[in-house]
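User: I would like a close look at one part of this predicted model. Please keep the account plain and work outward from that part.

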Amino acid sequence: MKEFIPVLTIKSINEVKDKITILKKYGVKYIEIAYRTKYASEAIKLANNLFPKLIIGAGTVINKKQCQLAIQAGSKFIVGPGFVDEVYKYCKLKKVPYYPGCLTPTEIANCINLGLTTLKIFPGAALGPNVINWLSEAFNQVKFLVTGGIFNHNAKEYLKLSAVWAIGGDWIFNNKFEKTTSQLMQIVNLH
């Protein structure tokens with residue numbers, strides 16, 4: 001089954017409960033809270049306390065300190081826009097899945113050689129579904145989380161790729177948040 005992983009950029013801790021309640025209503029299982037604001041660690045901790053059955057992770061993790069804070073707050077996975085060796089090593093030590101961003105065959109091959117088989121393609125729209133499909137043929141042991149430029153109008157193009165296990169992003173958090181979320185979850189569940 002394909003997944004949608006919404007990316008939450010928390011600007012006020014008061015947003016956490018309301019947004020995740022709506023996402024849970026539509027069957028979202030994974031939530032990525034981005035380290036783009038000072039509230040990320042607190043939001044991860046609160047989300048885990050309020051929604052213990054959801055899989056709450058940290059995103060936009062670019063250094064070991066953020067990684068440590070995220071795992072201490074209860075993050076179940078770590079996502080980065082690129083590969084960071086100290087983040088990889090800390091995740092391995094703590095046995096927390098790490099999904100680093102990759103864009104080239106060299107980056108993918110280097111990650112595979114470290115034992116990473118679930119990778120983030122970022123920005124996904126820069127490569128497009130055809131290139132991601134070709135990469136999956138060369139690296140058939142890898143499953144991809146695709147983010148960056150994925151929206152409701154093009155989500156199906158990525159979800160139909162066998163190597164893509166999930167798409168993600170923060171575009172659903174607009175003025176029509178609940179309607180957009182509902183439409184997206186229909187797309188994900190149709191595939």
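User: How many bridges join strand 2 to strand 3, and do the two run parallel or antiparallel? Please describe Glu32 and its surroundings from there.

Analyst: In this predicted model, strand 2 and strand 3 run parallel and are joined by five bridges. Strand 2 covers residues 30–34, and Glu32 is placed in it. The bridge partner of Glu32 in strand 3 is Gly57. Strand 3 spans residues 55–59; four of its five residues are buried, so this strand is largely enclosed by the rest of the structure.

Glu32 itself is buried and has no salt bridge. The nearest side chain of opposite charge belongs to Lys120, at 4.5 Å, whereas a salt bridge requires a nitrogen-to-carboxyl-oxygen distance within 4 Å. Setting aside neighbours within four places in sequence, Glu32 is in contact with Ile5, Pro6, Val7 and Leu8, with Gly57, Ala58, Gly59 and Thr60, and with Phe77 and Val79. Gly57 is thus both a contact and the bridge partner of Glu32.

Ile33 follows in the sequence. With neighbours within four places again left out, the contacts of Ile33 include Leu8 and Ile10, then Ala40, Ala43, Ile44 and Ala47, and also Ile56, Gly57, Ala58 and Gly59. Ile33 is also one of the residues with the most contacts inside the largest nonpolar core, alongside Ile78, Ile108 and Phe144. That core has 60 residues. Apart from it lies another core, of eight residues, including Ile5, Tyr30, Phe77 and Trp165. Two of the names in this other core, Ile5 and Phe77, also appear among the contacts of Glu32.

Further along the chain is helix 4, residues 85–94, whose buried residues are Val87, Tyr88, Tyr90 and Cys91. Their cover includes helix 3 (64–72), strand 4 (78–80) and strand 5 (98–102). Just after helix 4, Lys95 takes a positive phi of about 60°.

The cysteines can be dealt with briefly. The structure holds zero disulfides. The sulfur of Cys102 has its closest cysteine sulfur in Cys111, at 3.8 Å, which is too far for a bond; the cut-off for a disulfide is 2.5 Å. Cys102 counts as buried because its relative accessibility is 2%, and Cys111 is likewise buried, with a relative accessible area of 2%.

Definitions and conventions. Residues are numbered from 1 along each chain as its sequence is written. This is a predicted model: local features need pLDDT of at least 70, side-chain atom pairs count only at pLDDT 80 or more; totals for chains, interfaces and linings use all residues. Side-chain values use heavy atoms; hydrogens and water are left out. A nonpolar core is a set of buried Ala, Val, Leu, Ile, Met, Phe, Trp, Tyr and Cys residues joined through side-chain atoms within 4.5 Å. Buried means under 20% relative accessible area, exposed over 50%, partly exposed in between (1.4 Å probe, protein chains only). Contact means heavy atoms within 4.5 Å. Lys and Arg count as positive and Asp and Glu as negative; His and the chain ends are not counted. Two strands pair if DSSP finds at least two bridges between them.
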